[in-house]
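The following exercises concern a predicted model. Each one sets a task and then works through a solution in steps.

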Amino acid sequence: MNFDLCLKASWIIPVEPRGQVLRDHALLVRDGRIAAIAPQNKAPRAAVTVNLPGHALLPGLINAHTHAAMTLFRGLADDLPLHQWLHEHIWPAEGRYVNSDFVRDGSALAALEMIKGGTTCFADMYFFADETARVATQAGLRAVLGLVVIDVPTAWARDPEEYLSRGIALCDKWRHDPLVKPLLAPHAPYSVSDETLTRIRVRADELDIGLHMHIHETAGEIEHSLQNHGVRPLARLDRLGIVHSDLMAVHMTQLLPDEIALCAERGVSVVHCPESNLKIAAGICPATALAHAGVNLALGTDGAASNNDLDMFGEMRTAALLAKGTSGDATAVPAAYALEMATLNGARALGLAADTGSLVVGKSADLIAVDLNVPATQPLYDPISQIVYAASRDQVTHVWVAGRALLAGRRPLTLDEKAIIGRAAAWRDKIRASDPGEVS
């Protein structure tokens with residue numbers, strides 16, 4: 001058999017089955033897919049061989065919730081509660097600056113950061129999603145586009161009807177692209193009416209696509225729903241037929257036991273964004289209870305305006321430590337499960353588990369190499385524990401998506417790093433000049 005690529009690593013961590021580590025194995029790629037995994041001394045030849053001594057090879061990380069273009073607002077308004085951050089700073093800034101150029105340049109900066117940090121797939125939720133899709137395909141990343149619908153006007157659309165029509169047009173345009181998958185993304189229960197949510201549900205069913213939505217993010221959101229609808233947000237969404245297996249519920253920091261049981265029963269995926277939630281003091285997603293109930297639990301960074309990074313290594317570590325601290329159980333969210341949250345569970349949430357999220361023969365060759373032969377991860381007893389509790393994204397040396405190299409020797413291959421950083425600096429200067437009190 002002819003193979004395009006052979007990767008020989010000290011450890012291969014397939015994620016599926018959970019906790020497995022293959023020592024001194026090789027992974028072979030043909031036509032962009034994983035063709036074989038075998039001991040190195042039995043591996044057949046390939047057109048290209050990459051030797052990775054001291055490295056772990058694992059699935060590319062999946063950032064199941066972000067707002068990629070908001071990298072250009074990184075650090076713009078820190079140390080504020082969500083309502084003030086959103087209403088007094090972020091939404092006004094979006095009104096002034098967000099356009100297709102902003103989204104293109106911000107998405108490029110995000111793509112660069114994610115590739116260098118080992119993320120191979122991201123679920124986005126932002127305006128001008130066409131620009132994000134173009135950047136992702138140029139960069140070689142997988143992108144799941146959350147096509148925003150909200151009841152307030154923005155530069156992207158004037159009203160829910162226009163949001164939906166533009167979103168559906170983008171669904172038609174991108175749904176057959178091998179790297180891009182569209183979803184409809186109602187912003188949040190407090191920003192989308194019952195009428196609009198019903199229309200979104202009907203169109204999602206017609207198009208056979210999923211939903212990506214912020215839900216139960218803060219205590220204030222719960223109170224707003226009780227005052228305006230008489231029920232908590234999840235109950236309202238259930239009443240509208242939206243709580244089902246194609247729903248990605250993001251944040252979910254305010255959950256009662258019966259709501260956790262409902263998510264488990266309906267097959268809802270929950271996307272845990274621990275660092276963003278901590279920074280905005282929004283609350284803490286009950287990851288341990290969700291996992292014990294059998295809910296598929298993925299990880300996201302949220303946008304860089306509220307995190308302030310797109311670092312999935314950091315999210316894995318924070319999710320694991322936070323679960324232990326809040327539950328009083330040191331066995332909660334062990335390292336192997338935290339890694340699964342950042343890979344296979346993310347793929348499950350996005351409807352991509354048949355194609356990515358684990359190193360299994362037949363799946364797409366979406367994978368990363370992490371150099372563990374550095375002081376921070378030595379001595380090494382358990383590579384999975386070292387990756388979750390000790391390694392940093394700076395130890396990612398190589399990235400492939402569908403067998404295409406996006407990063408080699410820590411050098412980006414598909415994006416111009418200098419040009420992207422230059423454009424980000426130009427946006428900073430523009431925002432600083434327009435709002436000198438906003439940016440120091």
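**Exercise 1. Aromatic pairs**

Task: Determine how many aromatic pairs the predicted model contains, and describe the geometry and burial of the pair F73 and F102 and of the pair Y126 and F127.

Solution.

Step 1. The count comes to four aromatic pairs.

Step 2. F73 and F102 form one such pair, with 4.9 Å between ring centres and 40° between the planes. Planes under 30 degrees apart would count as stacked and planes over 60 as edge-to-face, so an angle of 40° places this pair in the tilted class.

Step 3. The two rings come from distant parts of the chain: F73 belongs to the loop between β5 and α1, F102 belongs to helix α2, and 29 residues separate them.

Step 4. Buried means under 20% relative accessible area. F73, at 1%, is therefore buried, and F102, at 0%, is buried as well.

Step 5. Y126 and F127 make another tilted pair, 5.0 Å from centre to centre with 50° between the planes. Y126 has a relative accessible area of 4% and is buried; F127, at 9%, is also buried.

Step 6. Ring pairs also join F73 and F102 with W427 in a cluster.

**Exercise 2. The two largest pockets**

Task: Describe the volume, lining and composition of the largest pocket and of the second largest pocket.

Solution.

Step 1. The largest pocket holds about 460 Å³ of space. Its lining consists of 29 residues, and those nearest the centre are L86, W91, E94, F127 and H187. F127 is thus a lining residue as well as a member of the aromatic pair with Y126.

Step 2. Helix α1 (82-97) and strand β6 (119-126) each supply at least two residues of this lining. The largest share, seven residues, comes from α1.

Step 3. By residue class, the lining of the largest pocket comprises 18 nonpolar, eight polar and three charged residues.

Step 4. The second largest pocket holds about 280 Å³ of space. It is lined by 13 residues, with L82, H83, T218, G220 and E221 closest to its centre.

Step 5. α1 and α6 (219-229) each contribute at least two residues to the lining of the second largest pocket. Here too α1 gives the largest share, with four residues.

Step 6. The lining of the second largest pocket divides into seven nonpolar, five polar and one charged.

**Exercise 3. Strand pairing**

Task: Establish the strand order of the eight-stranded sheet, identify its edges, and describe the pairing of β1 with β2 and of β5 with β6.

Solution.

Step 1. The eight strands follow the order β3-β2-β1-β4-β13-β14-β15-β16 in an open sheet with mixed pairing.

Step 2. The edge strands are β3 (33-39) and β16 (411-412); each has a single partner strand, so one side of each lacks a neighbour in the sheet.

Step 3. β1 (residues 5-12) and β2 (residues 22-30) run antiparallel and are joined by seven bridges. In this pairing, C6 lies opposite L28 of β2.

Step 4. β5 and β6 run parallel, with four bridges between them. I62 has C121 in β6 as its bridge partner.

Step 5. Strand β5 (residues 61-66) is mostly covered, six of its six residues being buried.

**Exercise 4. Salt bridges**

Task: State how many salt bridges the structure holds, and examine the pairs R18 with E340, R423 with D105, and D429 with R428.

Solution.

Step 1. The structure holds 26 salt bridges.

Step 2. In the bridge between R18 and E340, the closest N and O atoms are 2.7 Å apart. R18 lies in the loop between β1 and β2 and E340 in helix α12 (residues 335-341), so that 322 residues separate the partners. E340 counts as buried, because its relative accessibility is 6%.

Step 3. R423 and D105 form a salt bridge with their closest N and O atoms 3.2 Å apart. The partners are 318 residues apart, R423 in helix α15 (residues 417-434) and D105 in helix α2 (residues 100-116). R423, at 34% relative accessibility, counts as partly exposed, whereas D105, at 6%, counts as buried.

Step 4. D429 and R428 meet in a salt bridge at 2.9 Å, N to O. D429 is partly exposed at 37% relative accessibility, and R428 is partly exposed at 40%.

Step 5. Salt bridges also link R33, R142, D355 and D366 in a network.

Key
Residues numbered from 1 in each chain as written. Predicted model: local features only at pLDDT ≥ 70, side-chain atom pairs only at ≥ 80, totals over all residues. Heavy atoms only, no water. 1 Å grid on protein atoms, 1.4 Å probe; cavity = no way out; pocket = protein on both sides within 12 Å on 5 of 7 lines; lining within 4 Å. Points joined across faces, edges and corners; volume = space filled by probe spheres on them. Nonpolar A, V, L, I, M, F, W, Y, C, P; charged D, E, K, R; others polar. Pairing = 2+ DSSP bridges. Salt bridge = Lys/Arg side-chain N within 4 Å of Asp/Glu carboxyl O. Buried < 20%, exposed > 50% of the residue type's maximum accessible area, 1.4 Å probe, protein only. Phe/Tyr/Trp six-rings, centres within 6.5 Å; stacked < 30°, edge-to-face > 60°.
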